[in-house]
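Trainee: Before we accept the labels attached to this model, could we go through them one at a time and set each value against its cut-off?

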Amino acid sequence: LPLVKLDDAHYKLVDQLEALVPPGEEPSLLQASALTVKGPVKFTKGVTVVGSVTFQAAPGASSPASLAAGTYTDTTLTVGEPALVPA
């Protein structure tokens, strides 16, 4: 079983958890060893965690940052940062 750490400020109560991880949009943790979530990160359908992954909301985020569907492997990702635009 993976070790799962959720930010108490955003996931402590059931209604908070359901708002950020809607039913049917739970991440797949079958290949995960650890998942850490810091700040308000909203999961979407199709997120797969492999190995040890940390998702953290961008500093100063006023609303939950949505995590795009995809496979995340052994990484730390800041969710909600503005995309970099090439010069």
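Mentor: Let us begin with Asp74, which in this predicted model lies in strand E6, spanning residues 70-79.

Trainee: Why is Asp74 called exposed?

Mentor: The relative accessibility of Asp74 is 54%, and the label exposed applies over 50%, so Asp74 counts as exposed.

Trainee: What is notable about the phi angle of Asp74?

Mentor: Phi of Asp74 is near 40°, which is a positive value in a residue other than glycine.

Trainee: What makes Thr54 buried, and where does Thr54 sit?

Mentor: Thr54 is placed in strand E4, residues 47-57. Its relative accessible area is 15%, and buried means under 20%, so Thr54 is buried.

Trainee: Which residues does Thr54 touch, leaving aside those up to four places away in sequence?

Mentor: With that exclusion, Thr54 touches Thr36, Lys38, Thr75, Thr76 and Leu77, where a contact requires heavy atoms within 4.5 Å.

Trainee: How do you know whether Thr36 is buried or exposed?

Mentor: Thr36, which lies in strand E2, has a relative accessibility of 19%; since buried means under 20%, Thr36 counts as buried. Beyond four places in sequence, Thr36 touches Lys5, Val53, Thr54 and Phe55, so by the 4.5 Å criterion each of these has a heavy atom within reach of Thr36.

Trainee: Why is Lys42 called partly exposed?

Mentor: Lys42 belongs to strand E3, residues 41-42, and has a relative accessible area of 31%. Buried means under 20% and exposed over 50%, with partly exposed in between, so at 31% Lys42 is partly exposed.

Trainee: Which contacts does Lys42 make with residues more than four places away in sequence?

Mentor: Lys42 touches Ala19, Leu20, Pro22, Pro64, Ala65, Ser66 and Leu67.

Trainee: Pro64 is one of those contacts, so what label does Pro64 receive, and on what value?

Mentor: Pro64 lies in the loop between E4 and strand E5 (65-66), and its relative accessibility is 43%. Because partly exposed runs between the cut-offs of 20% and 50%, Pro64 counts as partly exposed. Outside its sequence neighbourhood of four places, Pro64 touches Leu20, Pro40 and Lys42. With respect to Leu1, by contrast, Pro64 is 63 residues away in sequence and 27 Å away in space, C-alpha to C-alpha.

Trainee: Where is Glu26, and what makes Glu26 partly exposed?

Mentor: Glu26 is found in the loop between helix H2 (14-20) and strand E2 (28-38). Its relative accessible area is 46%, which falls between 20% and 50%, so Glu26 is partly exposed.

Trainee: How do you know that the side chain of Glu26 and the backbone of Gly24 form a polar contact?

Mentor: The backbone nitrogen of Gly24 lies 3.1 Å from a polar atom of the Glu26 side chain, and the distance limit for a polar contact is 3.5 Å, so the pair is within that limit.

Trainee: What C-alpha distances relate Glu26 to Phe43 and to Lys42?

Mentor: Glu26 and Phe43 are 17 residues apart along the chain, with C-alpha atoms separated by 6.8 Å, whereas Lys42 and Glu26, 16 residues apart in sequence, have a C-alpha separation of 9.9 Å.

Trainee: Turning to the whole chain, what makes it as compact as a globular protein of its length?

Mentor: The chain has 2 helices and 6 strands, in the order β-α-α-β-β-β-β-β along the sequence. Its radius of gyration is 13 Å, and the globule rule gives 12 Å for 87 residues; the two are close, so the chain is as compact as a globular protein of that length. Along the principal axes, its C-alpha atoms fill a box of roughly 45 × 25 × 20 Å.

Trainee: How much of the chain is buried, and what share of the accessible surface belongs to carbon and sulfur atoms?

Mentor: Buried residues account for 31% of the 87 residues, and carbon and sulfur atoms hold 57% of an accessible surface of about 5500 Å².

Definitions and conventions
Residues numbered from 1 in each chain as written. Predicted model: local features only at pLDDT ≥ 70, side-chain atom pairs only at ≥ 80, totals over all residues. Heavy atoms only, no water. Helix = DSSP H or I, 4+ residues; strand = E, 2+ residues; numbered from the N terminus. Rg over C-alpha atoms; globule rule 2.2 N^0.38 Å. Buried < 20%, exposed > 50% of the residue type's maximum accessible area, 1.4 Å probe, protein only. Areas by Shrake-Rupley, 256 points an atom, 1.4 Å probe, with all protein chains shown as cover. Polar contact = N/O pair within 3.5 Å; in protein donor to acceptor, adjacent residues only side chain to side chain.
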